[in-house]
Amino acid sequence: QVQLVESGGGSVQAGGSLKLSCATSGLTFRNYAMGWFRQAPGKEREFVAAMSWSILNTRYADSVKGRFTISRDNAKNTVYLQMNSLKPEDTAVYYCAAGALSVTATMRSDYWGQGTQVTVSS
C-alpha cells in the first residue's frame, strides 16, 4: 500500500519554472532516500536528482546542476523538485522514487510514483 502521488507538472515556455511535489504514504519516509527520474519519448529513463533521508547528501545529474533543486519535508512526508531555467530538452515524464542512494552517483528505487508530464516549449 505504498503510494507516491505526484503533482505540479504542466507546460511552460523555455526559461520558465515549475515545482513538482511528491506526497508519500504507506512507508516510513525517514528510512528512504528520495529522488526524481525522467523519461523522454524514445529515450531511457534517466536519473535527475536525489536526497538522503537526512538531507545531508544530494546528487544531481550534470544536465540539471544549477537549475534544479531537490528538497524534502520529512514532517510532511513530501519531496519536491524545483525546476528553473527550463529547456526544451527537459521535456519528459518525471517520476518520483523512494529508495537508497547508490555508490554510482544515482539511487536504487524501491517505489515509484505514477509520473507527471513536463513539457517545455521553445
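Two strands count as paired here if DSSP finds at least two bridges between them, and that criterion underlies the first stop of this tour through a predicted model.

**Strands 4, 5 and 6**

Begin by selecting strand 5, residues 46-51, together with strand 6, residues 58-60, which pair in the antiparallel sense over three bridges. Within this pairing, methionine 51 has threonine 58 in strand 6 as its bridge partner. Now extend the selection across the turn, where six residues lie between strand 5 and strand 6 in a hairpin, and where isoleucine 55 shows a positive phi of about 65 degrees.

Next, add strand 4, residues 33-39, which runs antiparallel to strand 5 and is joined to strand 5 by five bridges. If you pick phenylalanine 37, you will find that its bridge partner in strand 5 is phenylalanine 47. Strand 4 and strand 5 also form a hairpin with six residues between them, and glycine 42 in that turn has a positive phi of about 75 degrees. Before leaving this region, colour strand 5 by accessibility: five of its six residues are buried, which leaves the strand mostly covered.

**The sheet 1-3-8-7**

Hide that selection and display strands 1, 3, 8 and 7, which form an open sheet of four strands in that order, with antiparallel pairing. Strand 1 (3-7) and strand 7 stand at the edges, and because each has a single partner strand, one side of each is left without a neighbour in the sheet. Looking along the sheet, you should find neighbouring strands turned by 15 degrees against each other on average, with direction ignored.

Zoom in on the pair made by strand 1 and strand 3, which is antiparallel and held over five bridges. Here serine 7 stands opposite serine 21 in strand 3. Is serine 21, then, buried or exposed? Its relative accessibility is 19%, and since the cut-off for buried is under 20%, serine 21 counts as buried. To see what surrounds serine 21, which belongs to strand 3 (residues 18-25), select its contacts beyond four places in sequence: Val5, Glu6, Ser7, Trp36, Val79 and Tyr80.

**The disulfide**

Move along strand 3 to cysteine 22, which is joined to cysteine 96 by a disulfide with an S to S distance of 2.2 Å. The pair links distant parts of the chain, with cysteine 22 in strand 3 and cysteine 96 in strand 9 (residues 92-101), 74 residues apart. Measuring the dihedral about the S-S bond in your viewer should give -85 degrees, a left-handed link. Cysteine 22 is buried, with a relative accessible area of 0%, and cysteine 96 is likewise buried at 0%. The count for the model comes to one disulfide.

**Two loop residues with positive phi**

Finally, turn to the backbone torsions of two loops. Most residues other than glycine have a negative phi, which gives a reason to inspect the next two selections.

Select asparagine 77, which lies in the loop between strand 7 (68-73) and strand 8 (78-83). Although asparagine 77 is not a glycine, its phi is positive, at about 55 degrees, and its relative accessibility of 25% makes it partly exposed.

Then select serine 85, placed in the loop between strand 8 and strand 9. Serine 85 is not a glycine either, yet its phi is positive at about 50 degrees, and with 41% relative accessibility serine 85 counts as partly exposed.

Methods. Residues are numbered from 1 along each chain as its sequence is written. This is a predicted model: local features need pLDDT of at least 70, side-chain atom pairs count only at pLDDT 80 or more; totals for chains, interfaces and linings use all residues. Side-chain values use heavy atoms; hydrogens and water are left out. Buried means under 20% relative accessible area, exposed over 50%, partly exposed in between (1.4 Å probe, protein chains only). Contact means heavy atoms within 4.5 Å. A disulfide is a pair of cysteine sulfur atoms within 2.5 Å. Axes are lines fitted to C-alpha atoms, for helices over the stretch in contact, and angles run from 0 to 180 degrees between N-to-C directions.
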